[in-house]
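Hi,

Here is the structure I said I would pass on to you. Have a look at it first, and then read my notes underneath.

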Amino acid sequence: MIVVFGSLNADLVTRVGHIPAPGETVIGPGYAVHPGGKGANQALAAARAGARVIMAGAVGHDGLAEAALGLLSAEGVDLSLVARLDEPTGAAFITVDAAGENAIVVAAGANGHARAETLAGIAWEDGAILLLQREVPEAECIAAARIAKAHGARVMLNLAPAGRPDPELVALLDILVMNEHEARVMADALGIAEGNPDAIARVIDARHGIAAIVTLGAEGLVAWTGGVRRTMPAPPVAVVDTTAAGDTFCGAFAAALAGGYGFTGALQRGVAAGSLACTKAGAQPSIPDKAAIEALVAGQFV
């Protein structure tokens, strides 16, 4: 069981020759509208990886709400805790260059009014995981984490978009997922002098008792938990679009962990899912299903 408290967006995506610099205008050939938002992406990734998923958050009453919820509904994600508000549905404006790299501007809209109190009525299962990101108010993330901990659930935070987390939230975490930039932000927030991702994850694990994972793009990841270091290579893939690769890792990793895999097995499935997400355009349309993940794991790690 995965409970995701986070953002739901409609993504407006255009492909460009290069990411525009400040003050520069770049012409794209067209655009597509896809469901997105870090919370929704991670919820969909967990569901496609085989988990039972409850999504909690907020959308508006506008047309973009249907775009934001469409794939989640189709994949059987429980949307009963998604509030409909008199605010615009969140939107992300995404440019993707010829190498598959992206630049993103997010307009929060209804996400800024998501409330954790909706989680109070959940029948939490043994082994449940609450999955958080940073596109909804941090005070509400703290409240959500308190509710989850009170019911014996583990709390996992993806420190994205990057920012210094409230120490109160850090104290409630069991698992922390970061990319290299986010790891440096976290190190600064915690007063960690070490500058490389490996050392940062080691110190977070040792000092705070939080399983720390740093994703390294094409190089895979490094993770520390319980004083044990793990590294994981990323399967080589033809990169089309890196949008939602990190979200896909988080959802698939959480699904595997909640489904009974050990930490290493869950990392393998997260890395495989994140790599597969880079091979297709768009955020949620690129997220792989369990069969594809397991096939890549079997070919890469077994």
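Below is what turned up, going from the pockets to the cores and then to a few single residues. One thing to keep in mind throughout: this is a predicted model.

Let's start with the pockets. The largest pocket holds about 1200 Å³ of space. Its lining is made up of 48 residues, and those nearest the centre are Asn-179, Thr-242, Ala-244, Ala-245 and Gly-246. Quite a few elements give two or more residues to that lining: the strands β2 (9-15), β6 (90-96), β7 (102-107) and β10 (175-179), along with the helices α1 (38-48), α5 (180-190), α7 (245-258) and α8 (263-277). Which element gives the most? That is α7, with five residues. As for chemistry, the lining of the largest pocket splits into 25 nonpolar, 16 polar and seven charged residues.

The second largest pocket has about 180 Å³ of space. It is lined by 15 residues, with Ala-49, Gly-50, Ala-255, Ala-256 and Lys-290 closest to its centre. Both α7 and α9 (290-300) supply at least two residues of this lining, and α7 again gives the most, this time four. By class, you will find nine nonpolar, two polar and four charged residues around the second largest pocket.

Since α9 has come up, here is a bit more on that helix. Its buried residues are Ile-293, Leu-296 and Val-297. If you look down the axis of α9, these buried residues fall within an arc of 105 degrees, so they line one face of the helix. What do they pack against? The buried residues of α9 pack against α7 and α8. On the face turned away from the buried side, α9 carries the exposed residues Ala-291, Ala-295 and Gly-299.

Now for the cores. In soluble globular proteins, nonpolar side chains tend to be buried together. In this model the largest nonpolar core has 50 residues, and the members that touch the most others are Ile-2, Val-53, Met-156, Ile-213, Phe-249, Phe-253 and Leu-267. Helix α7 turns up here too: the largest share of this core, eight residues, comes from α7. For a closer look, try Phe-253. Setting aside neighbours within four places in sequence, Phe-253 is in contact with Met-156, Ile-175, Ile-213, Phe-263, Ala-266, Leu-267 and Gly-270. There is also a second, separate core of 47 residues, which includes Ala-144, Leu-159, Ala-212 and Leu-216.

Two more spots to click on. One is Ala-258, which sits in helix α7. Is Ala-258 buried or partly exposed? With a relative accessible area of 25%, Ala-258 is partly exposed. Not counting residues up to four places away in sequence, Ala-258 touches Met-1, Ile-2, Gly-127, Ile-129 and Arg-154. Val-33 lies 225 residues from Ala-258 along the chain, and their C-alpha atoms are separated by 32 Å.

The other spot is the peptide bond that joins Ala-160 and Pro-161: this bond is cis, with omega about -5 degrees. You will find Pro-161 in the loop between β9 (154-158) and α4 (167-170).

If you follow just one element through the model, try α7: this helix gives the most residues to the lining of the largest pocket and to that of the second largest, and the largest share of the 50-residue core comes from α7 as well.

Cheers

Notes
Residues are numbered from 1 along each chain as its sequence is written. This is a predicted model: local features need pLDDT of at least 70, side-chain atom pairs count only at pLDDT 80 or more; totals for chains, interfaces and linings use all residues. Side-chain values use heavy atoms; hydrogens and water are left out. On a 1 Å grid over the protein atoms alone, a cavity is a set of points where a 1.4 Å probe fits but cannot get out, and a pocket is an open set with protein on both sides within 12 Å along at least five of seven lines; lining residues have an atom within 4 Å of a point. Grid points are joined across faces, edges and corners, and a volume is the space filled by probe spheres set on the points. Ala, Val, Leu, Ile, Met, Phe, Trp, Tyr, Cys and Pro count as nonpolar, Asp, Glu, Lys and Arg as charged, and the others, Gly among them, as polar. Buried means under 20% relative accessible area, exposed over 50%, partly exposed in between (1.4 Å probe, protein chains only). The arc is that of the directions from the helix axis to the C-beta atoms. Contact means heavy atoms within 4.5 Å. A nonpolar core is a set of buried Ala, Val, Leu, Ile, Met, Phe, Trp, Tyr and Cys residues joined through side-chain atoms within 4.5 Å.
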